[in-house]
Amino acid sequence: MDILKDISESLQKGKAAEVKELAQKGIDEGLGSKEILENGLMAGMSIIGDKFKKNEVYVPEVLIAARAMHAG
């Protein structure tokens, strides 16, 4: 689903308000909270984790992404 991809991408960019809005939109469209968590939020954090391991992002970016995830 495109909304899950959008959630993941917004999370990676650290856009907490956008993540929150997209998560609510997903729920409104009938997506389950587990699906949003696993396929949107966790998918985005997994990518951030991989980038962190490769030194492509650093602790501040990880923390910003984590805050965006918490908003979702």
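This presentation describes the fold, the surface and the buried core of one protein, with a closer view of four residues.

Good morning, colleagues. Please keep in mind throughout that the model is predicted.

I begin with the overall architecture. The protein contains four helices and zero strands, and reading along the sequence gives the pattern α-α-α-α. The C-alpha trace spans about 35 × 20 × 15 Å along its principal axes. How does the radius of gyration compare with that of a compact globule? For 72 residues, such a globule would have a value near 11 Å, and the protein has 11 Å, so the two agree. Of the contacts with a separation of 6 or more, 62% are made by residues 24 or more positions apart.

I turn next to the surface and the charges. The protein exposes about 4700 Å², and carbon and sulfur atoms supply 54% of that area. Buried residues account for 28% of the 72 residues. There are 10 positive and 12 negative charges, and the mean positions of the two sets lie 5 Å apart.

Let us now move to the interior. The largest nonpolar core has 15 residues, and those with the most contacts inside it are Ile 3, Leu 4, Ile 7, Leu 11, Val 19 and Ile 36. Which helices supply this core? At least two of its residues come from each of H1, helix H2 (16-28), helix H3 (33-53) and helix H4 (59-71).

Two of these core residues merit a closer look. The first is Leu 4, which is found in helix H1. Leu 4 has a relative accessible area of 7%, and it therefore counts as buried, the limit being under 20%. Setting aside residues up to four places away in sequence, Leu 4 touches Leu 31, Glu 35, Ile 36, Asn 39 and Gly 40. The C-alpha atom of Leu 4 is separated by 9.4 Å from that of Gly 44, a residue 40 positions away along the chain.

The second is Val 19. Beyond residues up to four places away in sequence, Val 19 touches Ile 7, Ser 10, Leu 11, Leu 41, Ala 68 and Gly 72.

I close with two serines of helix H1. Is Ser 8 buried or exposed? Ser 8, located in helix H1 (residues 2-13), has a relative accessibility of 7% and so counts as buried. Apart from its neighbours within four places in sequence, Ser 8 is in contact with Gly 40, Ala 43, Gly 44 and Ile 47. By contrast, the C-alpha atoms of Ser 8 and Leu 63, which are 55 residues apart along the chain, are separated by 15 Å.

Ser 10 is likewise found in helix H1. With a relative accessible area of 3%, Ser 10 is buried. Which residues does Ser 10 touch, not counting those up to four places away in sequence? They are Lys 15, Glu 18, Val 19 and Leu 22.

To summarise, the predicted model shows four helices, each of which supplies at least two residues to the largest nonpolar core. In helix H1, Ser 10 is buried, and Ser 8 counts as buried as well. Thank you for your attention.

Notes: Residues numbered from 1 in each chain as written. Predicted model: local features only at pLDDT ≥ 70, side-chain atom pairs only at ≥ 80, totals over all residues. Heavy atoms only, no water. Rg over C-alpha atoms; globule rule 2.2 N^0.38 Å. Buried < 20%, exposed > 50% of the residue type's maximum accessible area, 1.4 Å probe, protein only. Contact = heavy atoms within 4.5 Å. Areas by Shrake-Rupley, 256 points an atom, 1.4 Å probe, with all protein chains shown as cover. Lys, Arg positive; Asp, Glu negative; His and termini not counted. Charge placed at Lys NZ, Arg CZ, Asp CG, Glu CD. Core = buried A, V, L, I, M, F, W, Y, C linked by side-chain atoms within 4.5 Å.
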